[in-house]
Amino acid sequence: MHYFNKSQCGFRKQRSTIDQIMRLADDAHNAVNNRQYTVAFDLVWHDGLLHKMEKMGLEGNILNFVTDFLANRSIRVRVGVAMSNSYQLQNGTPQGSVISPLLFLIMVNDIEEPSNGVRLSLYADDSATWKSGPNLTALIKDIQRFLDRLTDFFDRWGFKLSVAKTEAIVFTRNRKFRPDDVQLTIGGSVIKVQKTVRFLGVVFDRALTWSAHVDYTVARCSKRLNLLKAIAGKRWGASSDVQLIVYKALIRSVIDYGCTAYNTACDSTKARLEVIQSKALRICCGSMAGTPTAALQMECGQPPLALRRLRMISNYAIKIKSVPDHPTLPILDDCWQNHYTVYADGREPFGVKASKVFNKSEIHEIPTAQLITAPMDTSRNGRQQELS
């Protein structure tokens, strides 16, 4: 029995932010490369929550526990030594509580599924909706209809939408497109149409070149390189092993996040990330500036980022194929765009790249919930390193 909305990926087993990022990125990528458009945009009432729990069949002690958990809660604000009056809370769940995320999911669980090809993404309280097609006017009308239905749902159940944090973007490479052509509203307030939007930690740009996201990633990693330099030193600094651990935790993790989506960027854009890794490995090895990148990778046991992205593509594809009814599974489907659209080398959609990996590896059937472990090898210096 499915208790939660199939579009919800927040606080759920075998779901993550990457699932929703990949759904939006794949639809937008296909639309942009087929001269189409993709239009997208980015509190809990106690009595309503208890009513929904009863409708789900939750009763007895668990319902009494939640009722007591939410009842008679107050809030006060302190600024310096001054203290405000105490106010009773009618909405919201206690922050930091282990059951608060679950209660929120129950509250938004019955959001009506969109129709007419409109897609919905939910990750806790961070949501997006979009639709792709050749007719921009029709897309805007369908999106607006669903927005009106969402507004009615939120008003009915005591939610408060943050219009100021809501943004819209139109994915297109049409140079004649003007942001003024898009008029979307929530509760009478006009939604801003931006050239770039940030969704679940990934920056999407209008033409889906991913240059804005790479700029954002390079800026974050450059600051963290300074931290790596601070602990480096042949006489007094941390060992190369410790520095590699710091690199993986603080820098490589930032580069890896969303890489299955931004892998459709051009080679010159992705090459900027290779420069970041080379700088980090050079610091870890204490080598000179002219040391070849291949030598650094061999010494540190770190593959080129292109190979690492290929491995992560295959791992992610295996994951979503092994989970029944996974919301991101359709991106692996063979569709007409894959056969009739001419993609630049290396800029094929995720499904095409994944199928190439499977064909080369002769992987056809993926057992449900199969555990995939990375192969390991022992390098010359005795450390265990990943093969890819």
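# Pockets, helices and buried polar residues

The second largest pocket encloses about 450 Å³ of space. Of the 16 residues that line this pocket, Asn-263, Lys-270, Leu-310, Gly-346 and Lys-353 are the closest to its centre. A pocket here is an open set of points, on a 1 Å grid over the protein atoms alone, with protein on both sides within 12 Å along at least five of seven lines, whereas a cavity is a set of points where a 1.4 Å probe fits but cannot get out, and lining residues have an atom within 4 Å of a point. Volumes are the space filled by probe spheres set on the points, which are joined across faces, edges and corners.

The model is predicted, so that local features need pLDDT of at least 70 and side-chain atom pairs count only at pLDDT 80 or more, while totals for chains, interfaces and linings use all residues. Residues are numbered from 1 along each chain as its sequence is written, and side-chain values use heavy atoms, with hydrogens and water left out.

Helix 9 (267–285), helix 11 (305–322) and helix 13 (350–361) each give at least two residues to the lining of the second largest pocket; helices (H or I, at least four residues) and strands (E, at least two) are DSSP runs numbered from the N terminus.

The largest cavity holds about 100 Å³ of space. Its lining has 15 residues, and the closest to the centre of the cavity are Met-22, Thr-260, Ala-261, Thr-264 and Phe-350. Helix 1 (17–33), helix 8 (259–262) and helix 13 are the elements that give two or more residues to the lining of the largest cavity, and helix 1 provides the largest share, four residues.

The table sets out both linings by class, where Ala, Val, Leu, Ile, Met, Phe, Trp, Tyr, Cys and Pro count as nonpolar, Asp, Glu, Lys and Arg as charged, and the others, Gly among them, as polar.

| Lining | Nonpolar | Polar | Charged |
|---|---|---|---|
| Second largest pocket | five residues | two residues | nine residues |
| Largest cavity | eight residues | four residues | three residues |

Helix 11 has 18 residues and reaches 25 Å from its first C-alpha to its last, close to the 26 Å expected at 1.5 Å a residue, the expected span being 1.5 Å times one less than the number of residues. Its buried residues include Arg-308, Arg-309 and Arg-311, where buried means under 20% relative accessible area, exposed over 50% and partly exposed in between (1.4 Å probe, protein chains only).

Arg-308 also links helix 11 to Asp-256, since the two side chains make a polar contact at 2.9 Å; such a contact is a pair of N or O atoms within 3.5 Å, and within protein one must be able to donate a hydrogen and the other to accept it, with residues adjacent in sequence counted only if both atoms are side-chain atoms. Asp-256 is found in helix 7 (residues 240–256) and is buried, with a relative accessible area of 13%. Leaving aside neighbours within four places in sequence, Asp-256 is in contact (heavy atoms within 4.5 Å) with Arg-308 and Met-312.

Gln-243 also lies in helix 7 and is buried, with a relative accessible area of 4%. A polar atom of the Gln-243 side chain lies 2.7 Å from the backbone oxygen of Ala-238.

In helix 5 (residues 136–156), the 21 residues should span 30 Å at 1.5 Å a residue, and the end C-alpha atoms are 30 Å apart, which agrees. At the start of helix 5, a side-chain oxygen of Asn-135 comes to within 3.1 Å of the backbone nitrogen of Thr-137.
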